Amino acid sequence: MNRQAQAVVLLLLGGSVLKASLTDVYLRYVKEGLRPFLVAAGLLLVVAGVMTLWYDLRRRGQPHEGHEHEGAEHEDSDDGHGHHEPRVGWLLLLPVLGLLLISPPALGSYAAGQSGTALTGEDPGGYPPLPAGDPLKITLLDYAGRAIFDQGTTLADRRVQLTGFVAPGSDGEPILARMILSCCAADSLPIKLGMSGDRPSGLPPDTWVEVVGRYSTQLGRDPVSDVDIPYVQVESWRRVDPPKQPYE
């Protein structure tokens, strides 16, 4: 690509990064703590694009001197006889424009169905008693860890409030799920909870719900990783809007 095309791509890419990082859109792709790095990267791309464009326009505006530059003048001329970059290079703008105009949603039920639950490995141990509160709002990861590794000891006789999206289970029944991140969406893994009792029904996948329930000794199996999936005994539930921070 020529320098003007490079400058346009840099400006659009930098603008898309800044647009995502200065709003909540970036939370669909990376952890919250990475925002300063995204802003810095977007600014650097914009500055690089501006400088590239300025340099190219400045160079084109300078008169050529001496006969030794005749070849360069002929090469740079736009009379149709010089060398031109293939126009297909402008197709590089399509994914950049896509980032600007279309914001892909956060990972949801499809990604959860393609990956095994993140609740694998050895027992981390040391689960302290839950704080007071009824129902107590906890994460799906905390509930699942206590249910599997602590055998529900710290969950006994407690009502908990969990928020996640509905995903289809291996038996066709809905499960409650949420993706967790280590760094970005590329390394995300799901936490999956089976539901019994008054579980949500008739909802399409990726519908966000808030569930209130109690610990259940029932276990299921993850069809992807073949490990245990804990259950929650649902007492009540309601639909909610997707949270600003979709990942745990």
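**Inside a predicted fold: a tyrosine, a helix and a pocket**

With a relative accessible area of 24%, Tyr 215 is partly exposed. This residue makes a handy way into the model, which is a predicted one. Tyr 215 sits in strand E5, a stretch that runs over residues 208-221. Setting aside residues up to four places away in sequence, Tyr 215 touches Tyr 143, Ala 147, Gln 151, Gly 152, Leu 155 and Arg 158. One of these partners, Arg 158, is 57 residues from Tyr 215 in sequence, yet the two C-alpha atoms are 7.5 Å apart in space.

Stepping back, the protein is built from 6 helices and 6 strands. Their order along the sequence reads α-α-α-α-α-β-α-β-β-β-β-β. Of the 248 residues in the protein, 36% are buried. Contacts between parts of the chain that are far apart in sequence come up a lot here: among contacts with a separation of 6 or more, 69% join residues 24 or more positions apart. As for the outside, the accessible surface comes to about 14200 Å², and carbon and sulfur atoms account for 58% of that.

Helix H6 deserves a look of its own. It spans residues 140-149, and it is largely enclosed by the rest of the structure, because 8 of its 10 residues are buried. The buried set in H6 consists of Leu 140, Tyr 143, Ala 144, Gly 145, Arg 146, Ala 147, Ile 148 and Phe 149. Two of these, Tyr 143 and Ala 147, turned up above as contacts of Tyr 215. Strands do part of the covering: what lies over the buried residues of H6 includes E2, E3, E4, E5 and E6. After the helix comes Gln 151, with a positive phi near 50°; Gln 151 is also one of the residues that Tyr 215 touches.

Leu 141, also in H6, is partly exposed, at 36% relative accessibility. Leaving out residues up to four places away in sequence, Leu 141 touches Leu 119, Ile 191 and Glu 248. Leu 119 lies 22 residues from Leu 141 in sequence, with 7.8 Å between the C-alpha atoms of the pair.

Next come the pockets. The second largest one has a volume of about 320 Å³. It is lined by 22 residues, and those closest to its centre are Pro 168, Gly 169, Ser 170, Ile 175 and Ile 229. Several elements contribute at least two lining residues each: helix H5 (109-114), along with strands E2 (159-168), E3 (174-180), E4 (189-197), E5 (208-221) and E6 (228-239). Strand E5, home of Tyr 215, is thus a contributor to this lining as well as part of what covers the buried residues of H6. Sorted by class, the lining has 10 nonpolar, 7 polar and 5 charged residues.

Finally, the cysteines. A disulfide is a covalent bond between the sulfur atoms of two cysteines. How many disulfides does the structure hold? The count is 0. Cys 183 and Cys 184 show why: the sulfur of Cys 183 has its closest cysteine sulfur in Cys 184, 4.1 Å away, which is too far for a bond. Seen from the other side, the closest cysteine sulfur to that of Cys 184 is the one in Cys 183, again at 4.1 Å. For this count a pair of sulfur atoms has to lie within 2.5 Å. Both residues are partly exposed, Cys 183 at 35% relative accessibility and Cys 184 with a relative accessible area of 22%.

Notes. Residues are numbered from 1 along each chain as its sequence is written. This is a predicted model: local features need pLDDT of at least 70, side-chain atom pairs count only at pLDDT 80 or more; totals for chains, interfaces and linings use all residues. Side-chain values use heavy atoms; hydrogens and water are left out. Buried means under 20% relative accessible area, exposed over 50%, partly exposed in between (1.4 Å probe, protein chains only). Helices (H or I, at least four residues) and strands (E, at least two) are DSSP runs, numbered from the N terminus. Contact means heavy atoms within 4.5 Å. Accessible areas come from the Shrake-Rupley method with a 1.4 Å probe; for residues, only the protein chains shown count as cover. On a 1 Å grid over the protein atoms alone, a cavity is a set of points where a 1.4 Å probe fits but cannot get out, and a pocket is an open set with protein on both sides within 12 Å along at least five of seven lines; lining residues have an atom within 4 Å of a point. Grid points are joined across faces, edges and corners, and a volume is the space filled by probe spheres set on the points. Ala, Val, Leu, Ile, Met, Phe, Trp, Tyr, Cys and Pro count as nonpolar, Asp, Glu, Lys and Arg as charged, and the others, Gly among them, as polar.
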